[in-house]
Amino acid sequence: QVAGMHMLYLEDSSFEYGSFVHPFGEGRGIGASIQYFSPGTIQGLDASGNSIGDITGYYANYTVALGHSGNLVKARIDDVSGHAFAGSGGILYRPNTRWRFGVVAANIGGKLTLLQSSDPLPRTYRAGVAYHPVPTWTIALEGAKPDNGPASGHAGVEYETPFGFTFRTGYNTERTRQ
């Protein structure tokens with residue numbers, strides 16, 4: 001499976017995503033993904049608020065998974081950069097062909113440090129359930145609780161066509177916060 005996305009956002013910022021997964025049999029596989037955010041060119045200011053010219057930067061997350069996943073998170077603002085390592089783990093329980101239950105702890109790791117400023121990674125705990133009334137349909141519910149924020153809920157429906165295409169729709173209670 002290959003997935004990708006390019007999103008132009010506010011001003012000249014952008015977000016890129018790419019992933020690849022290859023199965024090796026029942027319940028096994030290898031995968032990799034890249035998430036990359038560019039804020040575009042922004043006006044740089046010194047500690048006194050004086051302009052120092054235009055600067056660029058990025059935030060990137062590289063993931064490789066083989067049974068267990070590990071993440072390398074990198075950030076750069078002008079000529080200052082930093083990185084942090086994180087891991088995620090979960091359990092998937094399939095009591096039969098119709099039901100799946102799962103729990104995940106994501107972004108367990110260190111802090112991302114730029115100069116003397118450190119920020120924890122967005123550690124999040126998730127629990128979900130999926131129901132397959134027939135093999136081509138999936139109904140899913142999920143709850144998520146980040147360490148530094150309110151809980152959210154997600155619901156979705158998926159239909160897999162006989163031609164190999166999948167249609168999905170859903171609802172997410174998370175909102176952009178100001």
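This tour moves through the structure from the whole chain to selected residues.

**The whole chain**

Begin with the entire chain displayed as a cartoon, bearing in mind that this is a predicted model. The chain contains 15 strands and zero helices. Along the principal axes, its C-alpha atoms fill a box of roughly 65 × 35 × 30 Å.

Next, display the surface. The accessible surface amounts to about 12,700 Å², and carbon and sulfur atoms account for 59% of that area. Of the 178 residues in the chain, 18% count as buried. Among contacts with a separation of 6 or more, 24% join residues that are 24 or more positions apart.

Then select the charged side chains. There are 13 positive and 14 negative ones, and the centres of the two sets lie 13 Å apart.

**Confidence**

Colour the chain by pLDDT before looking at details. The average is 87, and 94% of the residues score at least 70. Where is confidence lowest, and where is it highest? Strand β7 has the lowest mean, at 74, whereas strand β12, residues 124-131, has the highest, at 96. Where pLDDT is low, the predicted coordinates should not be read in detail.

**Strands β2 and β3**

Select residues 14-25, which form strand β2, and find Y17 within them. Y17 is partly exposed, because its relative accessible area is 31% and the partly exposed range runs between 20% and 50%. Leaving out residues up to four places away in sequence, Y17 touches A3, G4 and M5, as well as S33, I34 and Q35. Now add Y62 to the selection: Y17 and Y62 are 45 residues apart in sequence, and their C-alpha atoms are 10 Å apart in space.

Move on to strand β3, residues 28-38, which holds I30. Is I30 buried or exposed? I30 is partly exposed, with a relative accessible area of 33%. With residues up to four places away in sequence not counted, I30 touches F20, V21, H22 and F24, together with A65 and L66. A distance label between the C-alpha atoms of I30 and F20 should read 8.3 Å, although the two residues are 10 apart along the chain.

**Strands β4 and β5**

Select residues 42-45, strand β4, where L45 is located. Beyond residues up to four places away in sequence, L45 touches N50, S51 and I52. The C-alpha atoms of L45 and I55 are 9.4 Å apart, with their positions 10 residues apart in sequence.

Now select strand β5, residues 51-55, and centre on G53. G53 counts as partly exposed, at 28% relative accessibility. Which residues does G53 touch, not counting those up to four places away in sequence? They are I42, Q43 and G44. For a wider view, add V73: G53 and V73 are 20 residues apart in sequence, and 27 Å separates their C-alpha atoms.

**The largest nonpolar core**

V73 also belongs to the next stop. Select V73, A75, A84, A86, L112, L114 and L121, the seven residues of the largest nonpolar core. The elements giving two or more residues to this core are β7 (68-77), β8 (80-93) and β10 (111-114). In soluble globular proteins, nonpolar side chains tend to be buried together.

Within the core, centre on L112 and show its surroundings. Apart from its neighbours within four places in sequence, L112 is in contact with core residues V73, A75 and A84. Its other contacts of this kind are Y59, G82, H83, S117, S118 and D119.

**Two loop residues with positive phi**

Select D78, which sits in the loop between β7 and β8. D78 is not a glycine, yet its phi is positive, at about 55°. D78 is partly exposed, with a relative accessible area of 35%.

Finish at L115, in the loop between β10 and β11, the latter covering residues 117-120. What is phi of L115? Phi of L115 is near 55°, a positive value in a residue other than glycine. L115 is exposed because its relative accessible area, 62%, is over 50%.

How values were computed. Residues numbered from 1 in each chain as written. Predicted model: local features only at pLDDT ≥ 70, side-chain atom pairs only at ≥ 80, totals over all residues. Heavy atoms only, no water. Helix = DSSP H or I, 4+ residues; strand = E, 2+ residues; numbered from the N terminus. Buried < 20%, exposed > 50% of the residue type's maximum accessible area, 1.4 Å probe, protein only. Contact = heavy atoms within 4.5 Å. Areas by Shrake-Rupley, 256 points an atom, 1.4 Å probe, with all protein chains shown as cover. Lys, Arg positive; Asp, Glu negative; His and termini not counted. Charge placed at Lys NZ, Arg CZ, Asp CG, Glu CD. Core = buried A, V, L, I, M, F, W, Y, C linked by side-chain atoms within 4.5 Å. pLDDT = per-residue confidence, 0-100.
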